[in-house]
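Trainee: I have a structure open and want to learn how to read it. Where do we start?

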Amino acid sequence: MKKIGIVGGGQLGKMITQEAKKMGMSVYVIDPTEKSPAGQIADYQIVADYKDEKAIKKLGSMVDVLTFEIELANSKVLEDLQKKGVSVHPSPKTLDIIKDKLKQKQFLRKAGIPVADFVQVESEKDILNVVKKFKYPVLLKARFDAYDGRGNAVIYNQRDIKKGLTKLKGRKLYIEKFVPFKKELAVMVVRSTKGEIAVYPVVETIHRDNICHIVKVPAPVPSEVSKKAQRLAQKTMKYLRGAGVFGIEMFYSQKGEVFINEIAPRVHNSGHYSIEASITSQFEQHLRAITGLPLGSTKLKVPASVMINILGNRQGEAKVNGLEKALKIEGVSVHIYGKKETRPERKMGHITVIDETIDKAYKKAIAARRYISI
Ligand SMILES: Nc1ncnc2c1ncn2[C@@H]1O[C@H](COP(=O)(O)OP(=O)(O)OP(=O)(O)O)[C@@H](O)[C@H]1O
Ligand SMILES: [Mg+2]
């Protein structure tokens, strides 16, 4: 049976591991935190940093296929391993482009894929110059190691520039034009090692403080918009090497245009609903894709689904309460990731609701979320 190695043992790794176990595969993960969410159920966890060369090489020697659930994974070491014949998916070259948000934007622009205007900056003077052209507001973004909005600062005026530079001190930066979007959308796309491609339905993502908060599927947008978003996702895949699931985040603008915010070369928060609502979950699909199995159907098996994240709201030991009340609501599934420590805004779990309409599912998701504390 196939042995899968995952760099990263967080919730994404955990949900990949759950599916792998279902299919009789064994799983080995690397994560710096002992008993990480994936490490709790994997066959073995190497306790080491995502960038640890020795640990990644060891993992490579233990498995048939290497994958990653986090962009922090060391793409150089993964590339070395690939050159030595280890199978790594998606391609480390793709990871290398995507992990630098500036490089990723340059790559997309060169491919003729619509993105918000952007420019590299190094100083306050650079930013002031860019703002003359872009006008306020703009987003100041860290190029590397940014996630859950933690590498972003919105700049509304000159005073915010200083604040933004303090928040992102010591990091390489770029500026992006602010997009006054009507909605944010996301599309999951998958390619197998055999070259087969499948596209998931378009979802709407609702962010709060730059963090994904709620996902609605199917996205409540006109069908031409969904088709445009799916076509854009498919076009993007032509330029990205390697097998696996990709999460493509998009803006749907006031003028009806669709363009790309960013790409995740991995399973994605906006696809968690697929565990309960799709014929093939994104996690099973990723495993099928990287091991060369036939891809499964991406169709919904229910009319509608809403996912809501359970984010931490305090610092301390995690304690789950309210499951009993939340689970009394029909159609509610609760996922708790098993992280020992909670922190404000940390992703601790999520709730998925399936129902006949998005409105019904949404109301239940909000109600269930109110019951859960962690
Ligand atoms: N150019 C922009 N214009 C308007 N809003 C933006 C822009 N860039 C980012 N945002 C808002 O901030 C959110 C997070 O931005 P981005 O995807 O760059 O950050 P991230 O740290 O990678 O977040 P995540 O891990 O949640 O994807 C976006 O989903 C969107 O709501
Ligand atoms: Mg994002």
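Trainee: Which residues coordinate the magnesium ion (ligand 2)?

Mentor: Bear in mind that this is a predicted model. To read a metal site, look for the donor atoms around the ion. Here Glu249 and Glu262 coordinate the magnesium ion (ligand 2), each through OE, at 2.0 to 2.1 Å.

Trainee: Where do Glu249 and Glu262 lie?

Mentor: Glu249 sits in strand S14 (residues 244-253) and Glu262 in strand S15 (residues 258-264), so the pair ties together parts 13 residues apart in sequence.

Trainee: Is Glu249 buried or exposed?

Mentor: Check the relative accessible area against the cut-off: buried means under 20%. Glu249 has 14%, so Glu249 is buried.

Trainee: Now pockets. What lines the second largest pocket?

Mentor: Read a pocket by its space, then its lining. The second largest pocket holds about 220 Å³. Its lining includes Arg208, Asp209, His213, Glu345, Arg369 and Arg370. Strand S16 (304-311) and helix H12 (358-371) are the elements that give two or more residues to this lining.

Trainee: How many residues of each class are in that lining?

Mentor: The lining of the second largest pocket has five charged, four polar and three nonpolar residues.

Trainee: And the overall layout? How is the protein divided into domains?

Mentor: Start with the bounds. Domain 1 covers 3-88, domain 2 covers 117-177 and domain 3 covers 181-371.

Trainee: How many residues of domain 1 and domain 3 are in contact?

Mentor: Count from both sides. In domain 1, 19 residues are in contact with 23 residues of domain 3. The centres of domain 1 and domain 3, taken over C-alpha atoms, are 22 Å apart.

Technical notes
Residues numbered from 1 in each chain as written. Chains lettered and ligands numbered in written order. Predicted model: local features only at pLDDT ≥ 70, side-chain atom pairs only at ≥ 80, totals over all residues. Heavy atoms only, no water. 1 Å grid on protein atoms, 1.4 Å probe; cavity = no way out; pocket = protein on both sides within 12 Å on 5 of 7 lines; lining within 4 Å. Points joined across faces, edges and corners; volume = space filled by probe spheres on them. Helix = DSSP H or I, 4+ residues; strand = E, 2+ residues; numbered from the N terminus. Nonpolar A, V, L, I, M, F, W, Y, C, P; charged D, E, K, R; others polar. Donors = N, O, S within 2.8 Å, 3.2 Å for Na, K, Ca; no water. Buried < 20%, exposed > 50% of the residue type's maximum accessible area, 1.4 Å probe, protein only. Domains from an automatic or database assignment. Contact = heavy atoms within 4.5 Å.
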